[in-house]
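Me: I am new to this structure and should be grateful for a close look at a single part, namely any sheet that it may contain. Please explain how that part is put together and how the remainder of the chain relates to it.

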Amino acid sequence: YHGPAAVRFTVQPDGTVVGAHLILDRVRRLRGEGPGVQEMLAELVNRISNLRFPSSSEETIVALPFGFG
């Protein structure tokens, strides 16, 4: 894979993640091996959705960039 992607999500005060979604997808697959780009990015969003952060007094909005290559 090669190229940038970014995921936006909200961390709730209890540390759970909600609303994870791609806000940038310019990733391309360089070889025919492995899962397709959309499948890989869907798994990335899924894993981010399952993250758990420390508790806080307010929600936090995050835009998290990734660079593949």
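Reply: Of the contacts in the chain with a separation of 6 or more, 65% are made by residues 24 or more positions apart; the model is a predicted one. The sheet is a suitable place to examine how distant parts of the sequence are brought together.

The chain holds three strands and one helix, and from the N terminus on its elements follow the order β-β-α-β. The strands build an open sheet whose order is E2-E1-E3, with antiparallel pairing. E2 and E3 are the edge strands, each of them pairing on one side only. On average, neighbouring strands of this sheet are turned by 20° against each other, with direction ignored.

The two pairings may be taken in turn. Strand E1 (residues 3-11) and strand E2 (residues 17-25) run antiparallel and are joined by six bridges. One position may serve as a landmark: Ala5 has Asp25 in E2 as its bridge partner. E1 and E2 form a hairpin with five residues between the strands, where Gly15 takes a positive phi near 95°. On the other side, nine bridges pair E1 with E3 in the antiparallel sense. Here Pro4 is found opposite Gly67 of E3.

The helix belongs to the picture as well. H1 lies across E1, E2 and E3, and its course makes an angle of about 150° with E2. The helix also carries the one salt bridge found in a search of the whole structure, which links Arg47 to Glu43 with the closest N and O atoms 2.8 Å apart. Why can these two side chains be partners? Arg47 and Glu43 are four residues apart in helix H1 (residues 37-49), so about one helical turn separates them. Arg47 is exposed, at 58% relative accessibility, whereas Glu43 is partly exposed, at 36%.

The aromatic side chains lead back to the strands. A search of the whole structure finds two aromatic pairs. Phe9 and Phe53 form a stacked pair, with 6.2 Å from centre to centre and 25° between the planes. Phe9 lies in strand E1, while Phe53 lies in the loop between H1 and strand E3 (60-68), and the pair therefore ties together parts that are 44 residues apart in sequence. The partners differ in their surroundings: Phe9 is buried, at a relative accessible area of 2%, and Phe53 is partly exposed, at 32%. The second stacked pair consists of Phe66 and Phe68, whose centres are 6.5 Å apart and whose planes form an angle of 20°. Both residues are partly exposed, Phe66 with a relative accessible area of 25% and Phe68 with 22%.

For the chain as a whole, the C-alpha atoms fill a box of roughly 45 × 15 × 15 Å along the principal axes. Buried residues account for 25% of the 69 residues. The exposed area of the chain is about 4,700 Å², of which carbon and sulfur atoms supply 53%.

In summary, the open sheet follows the order E2-E1-E3, H1 lies across its strands, and the pair of Phe9 and Phe53 ties strand E1 to the loop between H1 and E3.

Technical notes: Residues are numbered from 1 along each chain as its sequence is written. This is a predicted model: local features need pLDDT of at least 70, side-chain atom pairs count only at pLDDT 80 or more; totals for chains, interfaces and linings use all residues. Side-chain values use heavy atoms; hydrogens and water are left out. Two strands pair if DSSP finds at least two bridges between them. Helices (H or I, at least four residues) and strands (E, at least two) are DSSP runs, numbered from the N terminus. A salt bridge is a side-chain nitrogen of Lys or Arg within 4 Å of a carboxyl oxygen of Asp or Glu. Buried means under 20% relative accessible area, exposed over 50%, partly exposed in between (1.4 Å probe, protein chains only). Rings of Phe, Tyr and Trp (its six-membered ring) pair if their centres lie within 6.5 Å; planes under 30 degrees apart count as stacked, over 60 as edge-to-face and the rest as tilted. Axes are lines fitted to C-alpha atoms, for helices over the stretch in contact, and angles run from 0 to 180 degrees between N-to-C directions. Contact means heavy atoms within 4.5 Å. Accessible areas come from the Shrake-Rupley method with a 1.4 Å probe; for residues, only the protein chains shown count as cover.
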